[in-house]
Amino acid sequence: MSNTEIAKGIYSVGAVDWDVRDFHGYSTYEGTTYNAFLIVDEKVTLMDTVKSSHRNELLRNIRAIIDPEKIDYIVVNHVEMDHTGCLPEMVELIQPEKIICSPMGQKALIEHFHREDWPFEVVKSGSEISLGKRTIQFIETRMLHWPDSMFSYIKEDGILFSSDAFGQHYASNERFDDEVDMSEVMRQSAKYYANILYLFAPLIKKLLKSVADMNLDIKMIAPDHGIIWRSHIDKIFDAYARWSKNESEEKVLVIYDSMWHSTERMAHAIGRGLNETGVNTSMINLKVHHRSDVMTQVLNAKAVVLGSSTLNNGLLPRMAGFLMYMRGLKPTNKFGASFGSFGWSGESVNLMNSALTDMKIDVIEDGLRLKYVPNDSDLEECVAMGKRIGERVIKSFKTDS
Ligand code: FEO
């Protein structure tokens, strides 16, 4: 990443991680960036830092503009290690006058780095700090997505530093939304929302409202990952508004794993039944689809139909892992159903139905269990199940409208 001047005296100095492919269980096929910004004012300010592995890139970018020891303030919008991993070294080098963070941020920084002696300056929503020509206004965004998260807004330039919100895991040398493929950026934004922020939908709705009520003149949104929004700010705000309403489309996902293809054949037959109703259907074999891509599809699906063979009185491990992951992200406003083949005990359908019920997903079928290998009439039952689910989904949209 080059040190682009994003506004007069404000530079992007973060790092590009081209190679990362796993972000604690989230697949990052497009890599990511750890964004940090340098504001050259009477008080020179570093807005966030980067993962420890990328500190040299951060330092090189800063040094191309200014001696790091001239930095006065470091702002920590969010303590997660991808943004603070190199903070102890930066503090040692810079000896900043202030480390600016939220009240929860101070607590989390101490719990991470065990340095109560750091020069913390704690700010709350509405607090302002003058840098000279510019003023930073702070907005706490607790639990979006960490307890300490906050936004920093530079009034004079209309730049909202939004921490992880509005970000994407998308590595690029370009810095702005109008320099890259927007369809890819929106795909990555949806994936980011579905895998990091999904469970916080009620808080996001409130945040969008309070940002609108503050009437900020936002000219740029600079998240901690991916590109900076300047030409498509409405597009990302609209997408967040839509996603946080948990609205779904006439779309059904058949998500399955299979031992000896019996459950797979059931899945395909259910898919045929769904197709016959005209509902948009995606077939998702967990052997080949990563859980975080599946969650991106769950975001706007109306129904999830789960299939797993029974293994050792339980679920196939990919399905068990996926359900644990999905449960944490708390999808809402969905129908669910389950199916699977079995040999002698056959618990999988009940286990999947229980998991759906725990997630408050409306289980609309008792579930279909078939012994060993399905015959033609068994597969007809699967087709019929698919048809019933498709018709129920279509009807729900007629009822809603
Ligand atoms: Fe990008 Fe929550 O760290």
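Student: Why is Cys 101 called buried?

Tutor: Buried means under 20% relative accessible area, exposed means over 50%, and partly exposed lies in between (1.4 Å probe, protein chains only). Cys 101 has a relative accessible area of 0%, so the residue is buried. Please note that the model is predicted: local features need pLDDT of at least 70, side-chain atom pairs count only at pLDDT 80 or more, and totals for chains, interfaces and linings use all residues. Residues are numbered from 1 along each chain as its sequence is written, and side-chain values use heavy atoms, with hydrogens and water left out.

Student: How many disulfides does the structure hold, and what is a disulfide?

Tutor: The structure holds zero disulfides. A disulfide is a covalent bond between the sulfur atoms of two cysteines; the criterion here is a pair of such atoms within 2.5 Å. For Cys 86, the closest cysteine sulfur belongs to Cys 101 at 16 Å, which is too far for a bond. Cys 101, in turn, is in no disulfide, its nearest cysteine sulfur being that of Cys 86. Cys 86 is also buried, because its relative accessible area is 0%.

Student: What makes the pair Glu 128 and Lys 155 a salt bridge?

Tutor: A salt bridge requires a side-chain nitrogen of Lys or Arg within 4 Å of a carboxyl oxygen of Asp or Glu. In this pair the N to O distance is 2.7 Å, so the criterion is met. The two residues are 27 apart in the chain: Glu 128 is in strand β12 (residues 128–130), and Lys 155 is in the loop between β14 (150–154) and β15 (159–161). With relative accessible areas of 43% for Glu 128 and 36% for Lys 155, each is partly exposed.

Student: How do you know that Lys 98 and Glu 121 meet in a salt bridge?

Tutor: Their N to O distance is 4.0 Å, and this value is accepted as a salt bridge. The pair links distant parts of the chain, with Lys 98 in strand β10 (residues 98–101) and Glu 121 in strand β11 (residues 120–122). Glu 121 counts as partly exposed because its relative accessibility is 29%. In the whole structure, 20 salt bridges are found.

Student: Where do Glu 184 and Arg 187 lie, and is each one buried or partly exposed?

Tutor: Both lie in helix α5, three residues apart, about one turn of the helix. Their closest N and O atoms are 2.7 Å apart, in a salt bridge. Glu 184 is buried at 14%, whereas Arg 187 is partly exposed at 48%.

Student: Why does Asn 195 count as buried?

Tutor: Its relative accessibility is 7%, and therefore Asn 195 is buried. Asn 195 is in helix α5 (residues 182–197). A polar atom of its side chain lies 2.9 Å from the backbone oxygen of Ser 292. Contact means heavy atoms within 4.5 Å; leaving aside neighbours within four places in sequence, the contacts of Asn 195 include Tyr 26, Met 295 and Leu 329.

Student: Why is Tyr 372 called partly exposed?

Tutor: The relative accessible area of Tyr 372 is 49%, and therefore the residue is partly exposed. Tyr 372 is in the loop between β24 (368–371) and α12 (376–400).

How values were computed: Helices (H or I, at least four residues) and strands (E, at least two) are DSSP runs, numbered from the N terminus. A polar contact is a pair of N or O atoms within 3.5 Å; within protein, one must be able to donate a hydrogen and the other to accept it, and residues adjacent in sequence count only if both atoms are side-chain atoms.
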